[in-house]
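Visitor: Before we look at the coordinates together, could you take me through the reasoning behind the labels, setting each value against its cut-off?

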Amino acid sequence: MPFPVFWCFALLSNTAASAQWVNIAWALGDNRLPAAVLAVWQISALLGTIPGVLLGARAARRLGPVRTLVWSSAVEAASCLAVAVAAWDTGDGLSTRRALLVAVVCSVTPFAVGFGGPSWLALVGAWPGSASRTRQLLLDSIQFQLGRTAGPPVAALLIATVAHPVPVAAVANAVTFLAVTVIMLAAARTPGVGPPPPPRPADAPTARPSWRLFGSTAVLAAAGYALASDTSRLYVARLIRAADLPAVVFSVTVSVVALTAAGAAAVAARRRIPDRRLAQLGLGLLATGLLTWATASTLGVPAWIVGGALVGASLPLAHAALTSLVMGEAGDADQATGAAVTMATNTGAVALGSTVVAPLVSPLGPLVFLPLAALAAIALARVRRRYRADAPAPPPAVPVPVGGVSAGGSPPGPPR
């Protein structure tokens, strides 16, 4: 299957998924509901994603990435239908009990995403004819962010015109995932699609054990990045509603985040920038964007828009670079495991962050973004200290006779 065709269908699916996410975030961000509902939403995502990632990594090794994606797409389509049923209300908004039910049922979707996520990254990164894993991940990030750009306006239209926007968006999302399932079934029958199978244990190159990856600088930085970026975006809807701003402000902010993310990914994909530099740039932009959001109490709408642009530009750079670093440490023989470690770490960090930040949202307001900005700055410092530019390789040693001089005109130094 040509990569542009795969890319376009993925864009359609992510547009529908983004519209569903915005509708759910707006419904659960209702100020009549306790803030704990959003925390339950993220905890449910954790409880769904972690088993999904672990099973998905094993499935990728046994079934291959393409066949694993067939199952994950089918499960995600079914999960969208379940969300549509759970989110059906009387038209006056979700009650607390119904909102908690939606938050819990939503855990099925993260399970499906986690199950197929490692295979998705491995498939995209090793697509036939690709020259760079990081470039492929950036190209995938472009369609993902374009989907997030197109999804919020669709969601805002549904919120304004449809009596039951969440179920309608969920059903539409289920249809796109059924289409992706059919595409993956066709791809599974096409030889040569997807990365080659892992080598036999006797021939496999030495790779870092997967459990040790959790202690690497790249994984810790990815955890800090995910906690700062995803947790902050989780509470944007609630804080905008608390400031008595209309839904269009949230929709525009989310669209700006996605649009600038797609633009940053497109620029980075055209340049050969080392992963360490991309990670530093992304984390720096994230810290700056969160600091801008922290001024929203004073600056109002402009702070949400400008901060969204900075945060959006940071997302593909930090995500692609840190994911590529972890996949590189896992070794070429098991790219799906490296992707699974990154996904599991990110999910756990977001669940932890949402639980810690939830009780601080109401008393602090936008100032809650200050500690998250500091966390992004700490991750930046760790990456900068650990992944330094490689020193230039010394010229090959040339035997020098005793008493002679080197090419630079000086006697040879002692051996090191």
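**Surface, cysteines and core**

Guide: In this predicted model, L291, L360, L364, L367 and L370 make a nonpolar surface patch of about 400 Å².

Visitor: Why is L360 called partly exposed?

Guide: L360, whose place is in helix α14 (residues 335–364), has a relative accessible area of 34%. Buried means under 20% and exposed over 50%, with partly exposed in between, so L360 at 34% is partly exposed.

Visitor: What makes C80 buried and C8 partly exposed?

Guide: C80 has a relative accessible area of 0%, and because buried means under 20%, C80 is buried. C8, with a relative accessible area of 45%, is partly exposed, because that value lies between 20% and 50%.

Visitor: How many disulfides does a search of the whole structure find, and how do you know that C80 is in no disulfide?

Guide: The search of the whole structure finds zero disulfides. For C80, the nearest cysteine sulfur is that of C106, 9.2 Å away, and because a disulfide requires a pair of cysteine sulfur atoms within 2.5 Å, C80 is in no disulfide.

Visitor: Which residues touch the most other members of the largest nonpolar core?

Guide: Among the 102 residues of the largest nonpolar core, those that touch the most other members are L28, W41, F250, L290 and F369. Helix α13 (residues 301–330) gives the most to this core, with 13 residues. If neighbours within four places in sequence are left aside, W41 is in contact with W21, I24, A25, L28, A103, C106 and L234. Apart from this core lies another, of five residues, including V53, A340, M343 and A344.

Key. Residues are numbered from 1 along each chain as its sequence is written. This is a predicted model: local features need pLDDT of at least 70, side-chain atom pairs count only at pLDDT 80 or more; totals for chains, interfaces and linings use all residues. Side-chain values use heavy atoms; hydrogens and water are left out. A nonpolar core is a set of buried Ala, Val, Leu, Ile, Met, Phe, Trp, Tyr and Cys residues joined through side-chain atoms within 4.5 Å. Buried means under 20% relative accessible area, exposed over 50%, partly exposed in between (1.4 Å probe, protein chains only). Helices (H or I, at least four residues) and strands (E, at least two) are DSSP runs, numbered from the N terminus. Contact means heavy atoms within 4.5 Å. Patches are made of residues with over 30% relative accessible area and no salt bridge: like charges are joined within 9 Å, nonpolar side chains (Val, Leu, Ile, Met, Phe, Trp, Tyr) within 5 Å. Accessible areas come from the Shrake-Rupley method with a 1.4 Å probe; for residues, only the protein chains shown count as cover. A salt bridge is a side-chain nitrogen of Lys or Arg within 4 Å of a carboxyl oxygen of Asp or Glu.
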